[in-house]
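Could you walk me through this structure in my viewer, one selection at a time? I have it open and would like to know what to click on and what I will find there.

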Amino acid sequence: TQVIRAAVRLGLPDLLEEGPRTAAELAAATGADPDALHRTLRGAVVVGLFDLGRDGRFRNNRLSRALRAGAPGSLRNYALYFGSASNVHAWADFDRTLLSGGNAFERVHGATIWDWFDAHPDERETFAGAMGELTELYASAIATGYPWTEVRRLCDVGGGRGTLLAEILIRHPHLEGVLLENAGVLEAARPYLAARGVEGRVEPVAGSFFEEVPARCDAYLLKNVLHDWDDGRCRVILGNCRRAMVPGNRLLVVETVVEADSVRDLGPLSDLQMMVVCAGGRERSRAEFGRLFAECGFRLHRVVATASPMSVLEGLAV
């Protein structure tokens, strides 16, 4: 993880996209120590991150190209965030999490990850970029995998800059959107939505899903929101959604569904990250979602699989 993050911080995938280079040439371009960089790149080749030719020059490959800035499907911010010092220090305390079940991030840093982001806005920005990148990978599968023709006005609850909402609106021109986020995130959302050509179809609403959710929508979307929180705080979020809804409105929770014997895709690994970093966060099974829904005034109607690790769990307000 640290080798990948270092390569991204130095911009090596971007430099190598211009053509093969030796470690000495890359060191001159980045200010790195030539010997240390050569040894690092050699190790990166072993784990499949770059290729090394017979001419002694390093080259991009399929994996390293996915770490270029601004590249389609880029995971640059993803690599920077998960290799960050705050994550590494939390994971270094994993043994105590395994024994106690408590999350390591708060134990190590004395703050929740959300309070940490408030104090470290640069890391919050990297995290937001990472989540946006991940959403971009799955957005088309979600936008085409669920019957959005049955929805008219969609509220994206805690939807970041609106990555998924924009994709859904582009593919379904009949839809109108509402984006609930804090004021700072909405500032970043406006130019993004404008660039996607949907700003005029999205009503931005500043607020918190822990306080109130906008009314007058027939569907409420929560993508990767509930997995950040324990059941108690999930009930607060879902309760606020239910109070904004009328019977028959839809709750659309987009998450990975992780059963007790799930050993494929990213779900079980994401669950470990939630356990270490988030305040009681976890990936959940279908039955666990069903119980949460029922406790908050919803009936789990169906689970729609998509061409991605994400599913759409549809609850109906009762």
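Start by selecting Ala219 and Arg250: Arg250, in S7, is the bridge partner of Ala219. You are looking at a predicted model, so please keep that in mind at every stop. Now widen the selection to the two strands, S6 and S7, which run parallel and are joined by five bridges. As background, strands of a sheet pair through backbone hydrogen bonds, in either a parallel or an antiparallel way.

**Stop 1: strand S7**

Keep residues 250-255 selected, which make up strand S7. Is this strand mostly covered or mostly open? It is mostly covered, as six of its six residues are buried. Colour Arg250, Leu252 and Val254 to see one side of S7, then Leu251, Val253 and Glu255 to see the other; both faces are covered, and these residues are all buried.

**Stop 2: the whole sheet**

Zoom out and show the open sheet of seven strands, with mixed pairing. In what order do the strands come? Reading across, they run S5-S4-S3-S6-S7-S9-S8. The edges are formed by strand S5, residues 202-206, and by S8, each of which pairs on one side only. On average, neighbouring strands of this sheet are turned by 20° against each other, direction ignored.

Next, select residues 153-157 for strand S3 and 176-181 for strand S4; the two pair in the parallel sense over five bridges. For a single pair to look at here, pick Val157, which stands opposite Leu180 in S4.

Then move to S8 and strand S9, residues 311-317, where the pairing is antiparallel over seven bridges. These two strands form a hairpin, with five residues between them. Highlight Leu300 and its bridge partner in S9, Gly315.

**Stop 3: Asn224**

Select Asn224, which sits in the loop between strand S6 (219-223) and helix H14 (231-243). Is Asn224 buried or exposed? Asn224 counts as buried because its relative accessibility is 16%, and the cut-off for buried is under 20%. Show its surroundings too: leaving out residues up to four places away in sequence, Asn224 touches Val254, Glu255 and Met310. You have already met Val254 and Glu255, on opposite sides of S7. The backbone of Asn224 deserves a look as well, with a phi near 50°, a positive value in a residue other than glycine.

**Stop 4: Arg216**

For another positive phi, select Arg216: its value is near 70°, again in a residue other than glycine. Arg216 lies in the loop between S5 and S6. With a relative accessibility of 70%, Arg216 counts as exposed, since the cut-off for exposed is over 50%.

**Stop 5: the second largest pocket**

Now show the second largest pocket, which has a volume of about 190 Å³. Which residues lie nearest its centre? Select Thr256, Val257, Val258, Asp265 and Pro309; the full lining has 17 residues. Colour the lining by type and you will find eight nonpolar, six polar and three charged residues. Helix H15 (267-277) and strand S8 (298-305) each supply at least two residues of this lining.

**Stop 6: Ala188 and Tyr78**

Go to helix H13, residues 183-195, and select Ala188. Ala188 is partly exposed, with a relative accessible area of 42%. Draw a distance from Ala188 to Gly162: the C-alpha atoms are 9.6 Å apart, while the residues are 26 places apart in sequence.

Finish in helix H6, residues 76-82, by selecting Tyr78. Tyr78 counts as partly exposed, at 25% relative accessibility. Which residues is Tyr78 in contact with, leaving aside neighbours within four places in sequence? They are Ala130, Met131, Glu133 and Leu134. As a last step, draw a line from Tyr78 to Arg9: these two are 69 residues apart in sequence and 12 Å apart in space, C-alpha to C-alpha.

Conventions:
Residues are numbered from 1 along each chain as its sequence is written. This is a predicted model: local features need pLDDT of at least 70, side-chain atom pairs count only at pLDDT 80 or more; totals for chains, interfaces and linings use all residues. Side-chain values use heavy atoms; hydrogens and water are left out. On a 1 Å grid over the protein atoms alone, a cavity is a set of points where a 1.4 Å probe fits but cannot get out, and a pocket is an open set with protein on both sides within 12 Å along at least five of seven lines; lining residues have an atom within 4 Å of a point. Grid points are joined across faces, edges and corners, and a volume is the space filled by probe spheres set on the points. Helices (H or I, at least four residues) and strands (E, at least two) are DSSP runs, numbered from the N terminus. Ala, Val, Leu, Ile, Met, Phe, Trp, Tyr, Cys and Pro count as nonpolar, Asp, Glu, Lys and Arg as charged, and the others, Gly among them, as polar. Buried means under 20% relative accessible area, exposed over 50%, partly exposed in between (1.4 Å probe, protein chains only). Contact means heavy atoms within 4.5 Å. Two strands pair if DSSP finds at least two bridges between them. Axes are lines fitted to C-alpha atoms, for helices over the stretch in contact, and angles run from 0 to 180 degrees between N-to-C directions.
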